[in-house]
Amino acid sequence: MPRSRSLQRRLTGWLAGYALLLAAAVFAHGLAINEHAERLLWDSLLQIELEQHLRHDREQPGYRWRNTDTMQLYRDGDAGPVPAPLRGLSPGIHDELWLAGRQTVVLVRDVEGVRHTLVLDITDLEDREQTLTLVMLGSAVLLVLVLVLLMGWGLRRALRPLSALAGDIGRLAPDRLGQQVRPSEDASAELMVISGALNDYLARHDRFIERERVFIDTASHELRTPTAVITGAIELALQQPGLPDGARAQMLRAQRTARSVEQLISLLLVLAKDPGRLAHSSDRIELDELVLEIIDDHRYLMQGKQLAIDASGVQPCEIQAPIAIVQAAIGNLLRNAIENSDQGVIRVALSPNATLTIEDPGHGMTPEEIARIYAQMARTAGRDGGGIGLELLGRICEHLGWDLRFESEPERGTKTVLRLR
């Protein structure tokens with residue numbers, strides 16, 4: 001998952017971008033206005049100079065224009081030739097015209113059939129203007145940097161209560177009761193509302209956890225006790241001499257059902273516990289010995305079938321896990337293999353890395369059926385009311401970090417792989 005940027009950085013970035021765009025827009029607008037005003041200034045200045053010259057020329061016979069270092073006047077008919085870049089210019093003002101390596105502004109005007117060309121050298125003024133422009137640009141950049149720093153500092157102060165609240169939320173532990181978040185004294189009204197709503201949720205969560213704990217404790221006692229009584233009574237009944245075969249068969253079926261209920265209760269109680277705490281209630285299991293015991297316990301299901309179980313692939317292995325859950329999981333998978341096979345050999349293998357493999361010669365499954373199992377973990381019922389559903393088994397595997405996979409082809413059996421580590 002990509003790391004998200006903090007809200008402060010996002011806001012600072014947005015505001016910095018806005019400040020840059022605003023500064024660029026103001027600077028560009030100022031340059032445009034400056035160029036327009038500069039053109040009006042040159043036009044006005046040159047028009048006034050030319051009007052004064054024409055007035056003196058009319059009122060003072062023998063008056064002659066005197067060129068300066070920055071302003072020259074060229075007229076048709078004068079002794080001096082008009083420079084080549086000025087020839088052919090249309091009447092009007094011409095800005096930024098280069099003449100002999102100097103930047104000039106030129107006013108061309110026809111007066112009584114005589115063309116007057118007034119040239120103003122603005123090189124020094126343009127150099128100063130460029131220097132001033134660079135100073136303004138540097139000032140704008142510096143101002144933006146100062147604004148960004150001020151905005152970052154202000155946002156850090158403004159968002160400090162929110163960051164503190166986020167830290168308090170991050171430190172909440174799901175297994176602790178009575179937790180609350182406490183906003184700082186300078187928190188905004190909105191943060192106070194959020195904190196209040198979160199504290200109310202935490203209080204309701206505590207009450208829910210307490211109800212769940214009471215239910216689990218009650219269920220653990222109230223369900224296990226009658227089930228144990230039923231199982232004990234059935235075992236005593238089975239020991240009675242002269243018990244009819246029909247009654248014995250029914251008693252055995254009731255015994256298997258009671259054991260399945262005990263397994264179901266154990267599974268549900270495991271699901272109700274936090275996975276991190278299961279290690280404290282787990283057992284050290286010789287898994288290879290347990291697998292062989294489970295196989296012997298399920299041989300009665302093969303009565304009337306031409307089936308055999310090959311357990312030669314079971315190797316020594318030791319794990320740490322709740323023994324009742326391991327028994328229920330492996331027993332359920334072995335039961336499914338037996339019930340879905342009519343003849344042949346069921347091969348059971350166990351590797352030292354706690355990977356159990358059960359291969360049955362049954363009817364097999366299509367890819368669609370396997371996908372349906374993975375997607376829905378559809379419930380399956382044992383023929384004698386025993387066993388647990390694959391849906392519940394899938395949840396147990398996910399809860400304990402186990403891995404359950406199916407490989408199958410129609411009419412070629414099913415391979416089930418359960419990794420218990």
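A nonpolar patch lies on the surface of this predicted model. Leu142, Leu143, Val146, Leu147 and Leu150 make up the patch. Their combined accessible area is about 450 Å². Valine 146, one of these residues, belongs to helix α2, which spans residues 123-170. The relative accessibility of valine 146 is 39%. Valine 146 is therefore partly exposed, lying between the 20% and 50% limits.

The protein as a whole was examined next. Its secondary structure consists of 9 helices and 11 strands. The chain has 421 residues, of which 33% are buried. The exposed surface comes to about 26000 Å². Carbon and sulfur atoms account for 57% of that surface. Contacts between residues at least 6 apart in sequence were also classified by separation. Of these, 64% link residues at least 24 apart.

Nonpolar side chains in soluble globular proteins tend to be buried together. In this model, the largest nonpolar core contains 36 residues. Leu287, Val326, Val348, Trp402 and Leu418 have the most contacts inside this core. Several helices and strands each contribute at least two residues to the core. The helices are α6 (287-297), α7 (323-339) and α9 (390-400). The strands are β6 (306-314), β7 (318-321), β8 (343-350), β9 (355-360) and β10 (403-408). Helix α7 gives the largest share, with 8 residues.

Leucine 418 illustrates the contacts made by one core residue. Neighbours within four places in sequence are set aside here. Leucine 418 then touches Ala329, Ile330 and Leu333, among others. Its partners also include Ala354, Thr355 and Leu356. Cys397, Trp402, Asp403 and Leu404 are likewise in contact with leucine 418. A second core, separate from the largest one, has 13 residues. Leu46, Leu50, Ile93 and Ile122 are among them.

Two cysteines were considered individually. Cysteine 397, a contact of leucine 418, has a relative accessibility of 3% and is buried. Cysteine 317 is buried as well, at 5%. The structure contains 0 disulfides.

Side chains of opposite charge can pair when their charged atoms come close. The model has 14 salt bridges. One of them joins aspartate 57 to arginine 75, with an N to O distance of 3.7 Å. Aspartate 57 sits in helix α1 (residues 7-59) and arginine 75 in strand β1 (residues 71-75), so the bridge ties together parts 18 residues apart in sequence. The two partners differ in burial. Aspartate 57 is partly exposed, at 33% relative accessible area. Arginine 75 is buried, at 15%.

Another salt bridge connects arginine 299 with aspartate 296 at 3.1 Å, N to O. Arginine 299 is partly exposed, with a relative accessible area of 38%. Aspartate 403 and arginine 405 form a further bridge. Their closest N and O atoms are 3.4 Å apart. Both partners are partly exposed, aspartate 403 at 28% and arginine 405 at 34%. Aspartate 403 is also among the contacts of leucine 418. Elsewhere, Arg102, Asp121 and Asp124 are joined into one network by salt bridges that share partners.

A polar residue, asparagine 199, was also inspected. Asparagine 199 is located in helix α3, residues 189-238. Its relative accessible area is 16%. That value is under the 20% limit, so asparagine 199 is buried. Apart from neighbours within four places in sequence, asparagine 199 contacts Gln180 and Val181.

Note on methods:
Residues are numbered from 1 along each chain as its sequence is written. This is a predicted model: local features need pLDDT of at least 70, side-chain atom pairs count only at pLDDT 80 or more; totals for chains, interfaces and linings use all residues. Side-chain values use heavy atoms; hydrogens and water are left out. Helices (H or I, at least four residues) and strands (E, at least two) are DSSP runs, numbered from the N terminus. Buried means under 20% relative accessible area, exposed over 50%, partly exposed in between (1.4 Å probe, protein chains only). Contact means heavy atoms within 4.5 Å. A nonpolar core is a set of buried Ala, Val, Leu, Ile, Met, Phe, Trp, Tyr and Cys residues joined through side-chain atoms within 4.5 Å. Patches are made of residues with over 30% relative accessible area and no salt bridge: like charges are joined within 9 Å, nonpolar side chains (Val, Leu, Ile, Met, Phe, Trp, Tyr) within 5 Å. Accessible areas come from the Shrake-Rupley method with a 1.4 Å probe; for residues, only the protein chains shown count as cover. A salt bridge is a side-chain nitrogen of Lys or Arg within 4 Å of a carboxyl oxygen of Asp or Glu. A disulfide is a pair of cysteine sulfur atoms within 2.5 Å.
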